Amino acid sequence: MKKRMVSLLVASVMAASALAGCGSSSESSGSSTSSTSAAGKAASGESTSGESTSGEESNVLRVGMECTYPPFNWTQETEEVANGDKAVPIYGTNFYAYGYDVMVAKKLAEQMGMELEIHKVEWDSIGLSMDSGVYDCIIAGMGKTAEREKSYAFTEPYYYRDNCITVKKGSAYENVKGLSELNGKGVKLTTQLGTGWVPLLDQIEGGVQSGNYATTSECFMAISNGVADVAVIDVPTAESAAMTNSDLVVIQLDANDTFKDDQEMTNVCIATRKDDTALRDKLQAAMDAIGWNSKEAMDELMAEAITLQPAAN
């Protein structure tokens, strides 16, 4: 009897070990799974829609974005949009996402015959969440920088943006035309953390770092409150903020007196995992198929997105 009980116990242990082995074998560099259980992912709002890294094995285009970066992307309570379009549900929530990034993502998903799935994520973990398999690509107003190219694969730009400075209305800097006019003034500077704008702050001689923020909305609030004098952000984001905040003045600097080496932040591209060139190429093919390489078309869609943000209606 004892021998039979021991045999059953050994068999049970071996079966459990086999199951554990199955769970760990899917974790490899570039795989789309993490150690989080399916139940844990569902509770946290993470994706459980399969383990495809490229979209080739799944018909769902899983996209990560902040959903707090108008006019590129934002969160709204309903799916209705003023132009008659429909916002996209944010995975695991009762809210919806819309904006330029969503509009482009919808075009690409339709071209590829895929269902679009939007995942909301904090900017400081947007790359980590993609690497862990929560989603498969980032369409979030991300500039293609040399540093980021070491970690991710990028498409060609789906938007070209210009950089600018934002100051407070009525301040000593409201009528600035060139970057050199800020030199030696001890201006308090801010921008968004983890972006290609951070190194641009060093080009303002004598500038004082007043602290950078996780979101652009916090940067603009710092300007309104006088915590900072100058915010370095892109033009569409600044113009979007100025539509709902009369304290802000957007200044596009003279072409001969502006930031140097800021081209990296002008190229806004779609990112995939570094080894997921299959999805990158599939997205690029979709962009090519719909002719999404015209700056005129991009600017037209961005202008529409700016007018459609909820606070602007």
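## A tour from helix α6 outward

Select α6 first: Val 235, Pro 236, Thr 237, Ala 238, Ser 240 and Ala 241 in this helix are buried. The model is a predicted one. To see what covers these buried residues of α6, show β7 (152-160), β8, α5 (216-224), β11, β12 and α8, which are included in the cover. Helix α6 spans residues 235-244 and lies across β8, β11 (230-234) and β12. Relative to β11, α6 runs at about 115 degrees.

Next, select the sheet beneath that helix label by label. What is the order of the strands in this open sheet? The order is β10-β9-β11-β8-β12, so written for 5 strands with mixed pairing. At the edges are β10 (208-209) and β12 (248-251), each of which pairs on one side only.

Stay with β12 and add β8, residues 163-168. These two strands pair in the antiparallel sense, over 4 bridges. To find the register, pick Val 167, which stands opposite Val 249 in β12.

Now move to strand β1, residues 60-65. Is β1 mostly covered or mostly open? Mostly covered: 6 of its 6 residues are buried. Colour its two faces separately. On one side are Val 60, Arg 62 and Gly 64, and on the other are Leu 61, Val 63 and Met 65, all buried. Both faces of β1 are therefore covered, given that buried means under 20% relative accessible area.

Two partners of β1 come next.

- Strand β5 (residues 115-120) pairs with β1 in the parallel sense over 6 bridges. Here Met 65 stands opposite Lys 120 in β5.
- Strand β6 (residues 137-138) runs parallel to β1 and is joined to it by 2 bridges. Here Val 63 stands opposite Cys 137 in β6.

Last, select helix α3 (residues 100-112) together with helix α8 (residues 295-308). How do the two helices pack? Their axes are 9 Å apart, at an angle of about 125 degrees. That angle makes α3 oblique to α8, because it falls outside 65 to 115 degrees and is not over 145. Show side chains at the contact: from α3, Tyr 100, Met 103, Val 104 and Lys 107 meet Met 298, Leu 301, Met 302, Glu 304, Ala 305 and Leu 308 of α8. Coloured by class, this contact has 8 nonpolar residues, 2 charged residues and no polar ones. Helix α8 also appeared at the start of the tour, among the elements that cover the buried residues of α6.

How values were computed: Residues are numbered from 1 along each chain as its sequence is written. This is a predicted model: local features need pLDDT of at least 70, side-chain atom pairs count only at pLDDT 80 or more; totals for chains, interfaces and linings use all residues. Side-chain values use heavy atoms; hydrogens and water are left out. Axes are lines fitted to C-alpha atoms, for helices over the stretch in contact, and angles run from 0 to 180 degrees between N-to-C directions. Angles under 35 degrees count as roughly parallel, over 145 as roughly antiparallel, 65 to 115 as roughly perpendicular and the rest as oblique. Contact means heavy atoms within 4.5 Å. Ala, Val, Leu, Ile, Met, Phe, Trp, Tyr, Cys and Pro count as nonpolar, Asp, Glu, Lys and Arg as charged, and the others, Gly among them, as polar. Buried means under 20% relative accessible area, exposed over 50%, partly exposed in between (1.4 Å probe, protein chains only).
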